[in-house]
There are 2 protein chains.
Amino acid sequence: MESIAEKLAGKQKEISIGEFFERNKHILGFDSLTKSLVTAVKEGVDNALDACEEAEILPEIMVEIHTVDDQEYLVCVEDNGPGIPKRKIADVFAKLLYGSRFHDIRQSRGQQGIGVSAVVMYGQLSTGKPTIVRSKVLEKDYAIEMSITLDTKKNKPDIISKDVVLWEEKEHGTRFETHIEGLLRSGDHSVFEYLKNTAIVNPHAKITYICDDETIVFKRATEQLPPKTKAVKPHIRGIELGTLVKMVKSTDRRNLSSFLVNEFSRISYRTVKDICTEAGIDEKTSPSDMEISDCKKILKATEKVKIMAPETDCLAPIKSMLIKKGLKNVLKGYKPEFYAPPTTREPSVYAGNPFQVEVGLVYGGNLPSEGAVGVLRFANRVPLLYKKSACATTTAIKNIDWRIYGMDQRGGKGMPSGPAIILVHVASTRVPFTSEAKDAIADISEVVEEIERALRDCARSMRTHLNKGKRRKKMAEKFMVAKDILPMIAEKSAAIVGKETPSLEKVMTKIMGVVYVENSFKKNGKKWSGTIDINNYTSKNRKINVYMEKPYPDTVLISSEPEPINNGDHLKWKLDSLKPSKGQVIQFEYNGDLEKNDLTGIEVYIEGVPETELIGADTLPDDWGIEMAEIKEGE
Amino acid sequence: MESIAEKLAGKQKEISIGEFFERNKHILGFDSLTKSLVTAVKEGVDNALDACEEAEILPEIMVEIHTVDDQEYLVCVEDNGPGIPKRKIADVFAKLLYGSRFHDIRQSRGQQGIGVSAVVMYGQLSTGKPTIVRSKVLEKDYAIEMSITLDTKKNKPDIISKDVVLWEEKEHGTRFETHIEGLLRSGDHSVFEYLKNTAIVNPHAKITYICDDETIVFKRATEQLPPKTKAVKPHIRGIELGTLVKMVKSTDRRNLSSFLVNEFSRISYRTVKDICTEAGIDEKTSPSDMEISDCKKILKATEKVKIMAPETDCLAPIKSMLIKKGLKNVLKGYKPEFYAPPTTREPSVYAGNPFQVEVGLVYGGNLPSEGAVGVLRFANRVPLLYKKSACATTTAIKNIDWRIYGMDQRGGKGMPSGPAIILVHVASTRVPFTSEAKDAIADISEVVEEIERALRDCARSMRTHLNKGKRRKKMAEKFMVAKDILPMIAEKSAAIVGKETPSLEKVMTKIMGVVYVENSFKKNGKKWSGTIDINNYTSKNRKINVYMEKPYPDTVLISSEPEPINNGDHLKWKLDSLKPSKGQVIQFEYNGDLEKNDLTGIEVYIEGVPETELIGADTLPDDWGIEMAEIKEGE
């Protein structure tokens, strides 16, 4: 029997990390031909954006996909980042688990030092060909170009050739070219979709996508880089007991008090007192004297004591305005009737990792009312296209009883259905992905709960909107009836008693108590002409401002009576005070490339009248007047 | 700018595999407290079963879970395997990516050399405590006991203590004890469920589960070990181009022909000729002279040339009989009306890896008819409890339009609903799990398609059964009507004409053309008495054998008229030839522990009558007469 134990034991040996990932390439996102292309592009673009943002450079990224052969493509990603010094190029591109951000606690796209090396590895595995990398740093007037493969047995680069090349059109930057096996598809899981969604949440980047003969440019929409994230210390709440035990053993701090204050974020001496009292441990205790049971008491105490939420500067949420803008940009074709004010939650913590959830919701219009609602998922500003059903965002959506918010949902469980699209973004110093492929966020309860809270926020706005819609619909019906019938009654009565038909404005004012707005836009040869007719059927004087979205940029305002104020993104008319029963009409004309520009969908907003006393227009949205970035798909 | 490139580059460094997995512990199955316990037990039991089977020892496994504190448990797994030699113990338990089966191409539960070391790592991370391992090999009369942790920075074991201990009750075996944070739950995702399902597909193992004060024994049901799997050479179909390129570069073979025959499985010199002709490459070519494009041609050619399916001896399917038995064992409470003959497909290949799919299906009886059908998922004889929606088995089930097989399914898509349970087993030399947690099988198209084919096989049997059921139901109704009404008519007619009521058997025989069987079992004090009444209402002589399942083992047959043949698992009565219109009655009595044993559900089968001419019993199932293993939950 000894011989069997020995025989089996003799076969035990170390497995190389390279061979491990080569075999488990599906964990890295290379589990289907379509996905392989998306993953290769994604890893390149993630690195490019991270590098540019760290160097505070406005990103200019070029992605190329060239068909080489049946199921073989050449994928190239080029950036204007700071470049990589010669001695580091090979390791960055052909060594797994090699990176700069693994130990930092702050939000970034790449973290594990696997991504782009996995692309190189998959390229050589599937096509047998090396990757060509070119990089130039500012102070050199030449670039380095290398042809590299990854030696999976040793997990280190094999440099096949190394050259000095001129790269005159670039001051600095990095480009790689990899042959990979793949399949180019369109639709929800395509490279195009990935880049489009990337552009939505990264409006500071210019992304050019060349796919064989076609070129698509996602233009830069803002010159402002997202705030640079800072590395922070760990947050104690939810940290693993084993990690704390390791920390007290290795710290140089003399007492528990300074240990807690200095090695964790957001702990003051005041908080230490509360923690130590709750735990029943002297704050002067030397960390090296602490037993496992003491550490456990400290962790238990942190659950009960109030500790500040983590710093926000390690995170870079997209923020309300850009979420709304992003949604508007994708969805403009659908003319949704309602954009819920996006929710950006306060940062929270899971297992010591700060994270922050943002949600946007759009409802109605021409969005398809059949089938499940649409979901746009993002993690650290990176779109998630695959494994939707395994994602915490989906879990959270399914956990909510959407029926109470006015949406259809079979049995109050599962995906709600109806004309809506939900955007969810999770930003974290460490997004808990279900696998290295970073397709889906794991069902960590803290994260799921935060997403649920944000969803409920948006859902409540939607319910208010839907209810308000019902009330306003009723009011409008009443108003329209009165508006149509009262004149007829007046006319008939007047005829009977042989008097002149009386003016009805005052009666209407008494009955209705609303401001009534009517817009009309119509095409008039090469021009569009519009009127906005405002009538004050309330008993108060009204100081009203009228706002109108600026139509497409290649249209020109020819005339307007009265004169508006041109406010960049919109026109504003400041009207004179309107007395009860009085009205005013605005008239204007537009010119321009009207072939493609249909103005009838343009929105008019009113300032100076409460929502409940307004018919025919909406009140000014919260974020109106802020200059919004514009994302465009060009050419 | 150079300084930024340099500054960023300076932060680039290697990341330890230990730290990588410590951070990404959810990839290893430690993503929730409930799951942590299941994962810890699973990794231990997988290793135990693999070790016993390799050493050809009938496995005797003990799993213990002791509550230590709020959310802290002591998990122990003990086996009677061959044991681990002293010098290897620490590495096996506290070094990630260390194992014996990574490079072997054959079916086994563990493969990557991560599992049990991940348990040790999660234990120390979550509770700060080391794992205690004890192991004894046959030739030593003492065991080695070690207290170990895993140094994640270096990915190597830290041995805290090492002792020699007696372990008199064990000749050889291994035991480990780990404190882990977790949550003990019952239900579908519990340790109990995991062990029960493990017992179903591993009837050669005795598994004892001690959970605090409760002990459950899953008894061994067969003394026969599953066939030992053999390591095979890779199959060329679907192998990666990059792998082939690497192989031609490193081989010692002088020509392409001997290279292909010797380094791949199932390629004969005859096949080589076909491949080389198709590829347009001389079979005498030296592998070292081959370009990437030549390798690509060879691979393309293998898609067109007929190559034998992979060897089956690297795989150990459960096989039809045990699948049915396993299902019967779990489902006996539901008394399903139909067990589809389980399908074991021929082995197939994905990306060069042999795999084999097996499916069982059970329908009707008291299975819940509301809601989705139940699914039992297994990979390499290991139950899969988590991530059902991300699993290839679920994809395959959803891909089928079950309505054409008589099951409800909304819109012909998604999970079918109705009183059915489907068992799917995928055996492979390399199961393509979606992550290291081995919760779900990735949607590899070859695998999904094979599962679909097997499902359709079972579904067709089910449809035949349902249709037959309808036909037989009609026939039975007709028969019952005739059986009830004819005597009444006969009696009345006889009374009218003043004659004796005639015997109706011959008329019945003419009208019906069936053999009618009626069983009754009733409790009679401490005994059960039964009758089986067989009537031949056909026009032929019938040589009939009657089979009855043997009731629970602790019951005893006291008497039977006629005498049966005792065939191990069942009784068999060989009846004398039954002439048309004749009948025979079998009477018997059982004794034993009848408190828990309800005999009314026992099945009776008839041999010698076609299914379409039989009412009241089923024909003999295909696998009947084979000695079946029995799986029991004891105490």
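Me: Which residue is the bridge partner of A:Lys13 in S4(B)?
Reply: That would be B:Gly99. Keep in mind that this is a predicted model. The bridge belongs to a pairing across the two chains: strand S1 of chain A (residues 13-14) and strand S4 of chain B (residues 98-99) run antiparallel, with 2 bridges.

Me: Nice. How many residues does each chain put into the contact?
Reply: Chain A contributes 57 residues and chain B contributes 57 residues.

Me: And which element gives the most on the side of chain A that touches chain B?
Reply: Helix H1(A) does, with 6 residues. Other elements giving two or more residues to that side include helix H3 (33-54), strand S4 (98-99) and helix H7 (241-250) of chain A.

Me: What is that side of chain A like by class?
Reply: It has 28 nonpolar, 17 polar and 12 charged residues.

Me: You mentioned H7(A). At what angle does it pack with H5 of chain B?
Reply: At about 70 degrees, and the axes of H7(A) and H5(B) (residues 115-127) are 4 Å apart. Angles of 65 to 115 degrees count as roughly perpendicular, so that is the label for H7(A) and H5(B).

Me: Which residues make that contact?
Reply: From H7(A) there are A:Leu241, A:Gly242 and A:Thr243, and from H5(B) there are B:Gln124, B:Leu125, B:Ser126 and B:Thr127. By class, this helix contact has 2 nonpolar, 5 polar and no charged residues.

Me: Switching to strand S5 of chain A: how many of its residues are buried?
Reply: 6 of its 6 residues, spanning 131-136, are buried. Both faces are covered, with A:Thr131, A:Val133 and A:Ser135 on one side and A:Ile132, A:Arg134 and A:Lys136 on the other.

Me: Why do the residues split between two sides like that?
Reply: In a regular strand, side chains alternate between the two faces of the sheet.

Me: Got it. Which strands does S5(A) pair with?
Reply: S5(A) pairs antiparallel with S6(A) (residues 143-151) over 5 bridges, and a hairpin through 6 residues joins S5(A) to S6(A). In that pairing, A:Ser135 is opposite A:Ile144. S5(A) also pairs antiparallel with S8(A) (residues 173-181), again over 5 bridges, where A:Val133 faces A:Phe176.

Me: Now chain B. What is the strand order in the open sheet of 5 strands?
Reply: The order is S21-S22-S19-S24-S26, and the pairing is mixed. S21 (565-566) and S26 (618-619) each have a single partner strand, so one side of each has no neighbour in the sheet.

Me: How does S21(B) pair with S22(B)?
Reply: They are antiparallel, with 2 bridges, and B:Ile565 is opposite B:Lys572.

Me: Backbone oddities next. Where are the cis peptide bonds you know of?
Reply: In chain A, one joins A:Glu561 and A:Pro562, with omega about -5 degrees. In chain B, the bond from B:Glu561 to B:Pro562 is cis, with omega near -5 degrees. B:Pro562 sits in the loop between S20 (555-561) and S21 of chain B.

Me: What about A:Glu56, buried or exposed?
Reply: A:Glu56 is exposed, as it has 10 other C-beta atoms within 10 Å. A:Glu56 also has a positive phi of about 55 degrees although it is not a glycine, and lies in the loop between H3 and S2 (60-69) of chain A.

Me: Last one: how far apart are the C-alpha centres of domain 1 and domain 4 of chain A?
Reply: They lie 51 Å apart. Domain 1 covers 17-218 and domain 4 covers 505-619.

Note on methods. Residues are numbered from 1 along each chain as its sequence is written. Chains are lettered from A and ligands numbered from 1 in the order in which they are written. This is a predicted model: local features need pLDDT of at least 70, side-chain atom pairs count only at pLDDT 80 or more; totals for chains, interfaces and linings use all residues. Two strands pair if DSSP finds at least two bridges between them. Two residues are in contact if their C-beta atoms, placed from the backbone, lie within 7 Å. Ala, Val, Leu, Ile, Met, Phe, Trp, Tyr, Cys and Pro count as nonpolar, Asp, Glu, Lys and Arg as charged, and the others, Gly among them, as polar. A residue is buried if 20 or more other C-beta atoms lie within 10 Å of its own, exposed if 12 or fewer, and partly exposed in between; C-beta atoms are placed from the backbone. Domain bounds come from an automatic or database domain assignment. Axes are lines fitted to C-alpha atoms, for helices over the stretch in contact, and angles run from 0 to 180 degrees between N-to-C directions. Angles under 35 degrees count as roughly parallel, over 145 as roughly antiparallel, 65 to 115 as roughly perpendicular and the rest as oblique.
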